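Here's a friendly tour of a protein model for anyone meeting it for the first time. Have a look at the picture, and then we'll walk through it together.

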Amino acid sequence: PPPSDPPWITMQAIEELARAAGVRVLFAIPPTTRPLAPFREAHERGQMSEFLSFPARENLDLFERHDEYFYDQGHLNSKGAALFSARLAEAVAERLR
């Protein structure tokens, strides 16, 4: 998306407010088959300083058993959310070290 795209502007505004309050922001992109290039581009433009992503190729177990972990094409069910939450916690902990 171009720099003027509202979601990126909103994310940048949230981050700026948080930083002004002394809060570190780390955006998390949940497991997806969608391209991650827009997130990388937003990062390069300075609209997201830090983010974690969980692309399908690195989370094959979730996508190979899609019916078990997703309740529709793009949203995790409770079992998938529990698995992702554990992975997210590990990734955040690693980033904070």
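Let's start with one bit of vocabulary: two residues are in contact when they have heavy atoms within 4.5 Å. Keep in mind that this is a predicted model, in which local features need pLDDT of at least 70 and side-chain atom pairs count only at pLDDT 80 or more, while totals for chains, interfaces and linings use all residues. Residues are numbered from 1 along each chain as its sequence is written, and side-chain values use heavy atoms, with hydrogens and water left out.

**The overall picture**

The protein has 5 helices and 2 strands. Helices (H or I, at least four residues) and strands (E, at least two) are DSSP runs, numbered from the N terminus. Reading from that end, the order is α-β-α-β-α-α-α. The C-alpha atoms fit in a box of roughly 40 × 30 × 20 Å along the principal axes.

How much of the protein is buried? Of its 97 residues, 31% count as buried. Here, buried means under 20% relative accessible area, exposed means over 50%, and partly exposed is in between, with a 1.4 Å probe and protein chains only. The surface comes to about 6,300 Å², and carbon and sulfur atoms supply 57% of that. Those areas come from the Shrake-Rupley method with a 1.4 Å probe; for residues, only the protein chains shown count as cover.

Now for how the chain meets itself: among contacts with a separation of 6 or more, 55% involve residues 24 or more positions apart. As for charge, the protein has 11 positive and 14 negative charges, and their mean positions are 3 Å apart. Lys and Arg count as positive and Asp and Glu as negative, with His and the chain ends not counted. Each charge is placed at NZ of Lys, CZ of Arg, CG of Asp or CD of Glu.

**Rings that pair up**

Rings of Phe, Tyr and Trp (its six-membered ring) pair if their centres lie within 6.5 Å; planes under 30 degrees apart are stacked, over 60 edge-to-face, and the rest tilted. The count comes to 3 aromatic pairs. One of them joins phenylalanine 54 and phenylalanine 84: the ring centres are 5.0 Å apart and the planes sit at 90°, so this pair is edge-to-face. Phenylalanine 54 belongs to strand β2 (residues 51–55) and phenylalanine 84 to helix α5, so the pair ties together parts 30 residues apart in sequence. Phenylalanine 54 counts as buried at 8% relative accessibility, and phenylalanine 84 is buried too, at 11%.

Phenylalanine 63 and phenylalanine 70 make a tilted pair, with 5.2 Å centre to centre and 40° between the planes. Both phenylalanine 63 and phenylalanine 70 are buried.

**Arginine 87 on helix α5**

Arginine 87 sits in helix α5 and is partly exposed, with a relative accessible area of 22%. What does arginine 87 touch, not counting residues up to four places away in sequence? The list is Phe54, Asn59, Asp61 and Leu62. Arginine 87 and phenylalanine 54 are 33 residues apart in sequence, yet 9.1 Å apart from C-alpha to C-alpha. The side chains of arginine 87 and asparagine 59 share a polar contact of 2.8 Å. That term covers a pair of N or O atoms within 3.5 Å; within protein, one must be able to donate a hydrogen and the other to accept it, and residues adjacent in sequence count only if both atoms are side-chain atoms.

**The loop before α5**

Leucine 76 is in the loop between α4 and α5, and so is asparagine 77, with α4 spanning 66–69 and α5 spanning 78–96. Beyond four places in sequence, leucine 76 touches Pro31, Tyr69, Phe70, Tyr71, Ala81 and Phe84. Asparagine 77, again leaving aside neighbours within four places, contacts Asp67, Glu68, Tyr69, Phe70 and Tyr71. A polar atom of the asparagine 77 side chain lies 2.8 Å from the backbone nitrogen of glycine 80.

Here is how these loop residues compare with proline 38, which is in helix α2 (residues 37–44).

| Residue | Relative accessible area | C-alpha separation |
|---|---|---|
| Leucine 76 | 19%, buried | 18 Å to phenylalanine 27 |
| Asparagine 77 | 18%, buried | 23 Å to phenylalanine 51 |
| Proline 38 | 23%, partly exposed | 22 Å to leucine 62 |
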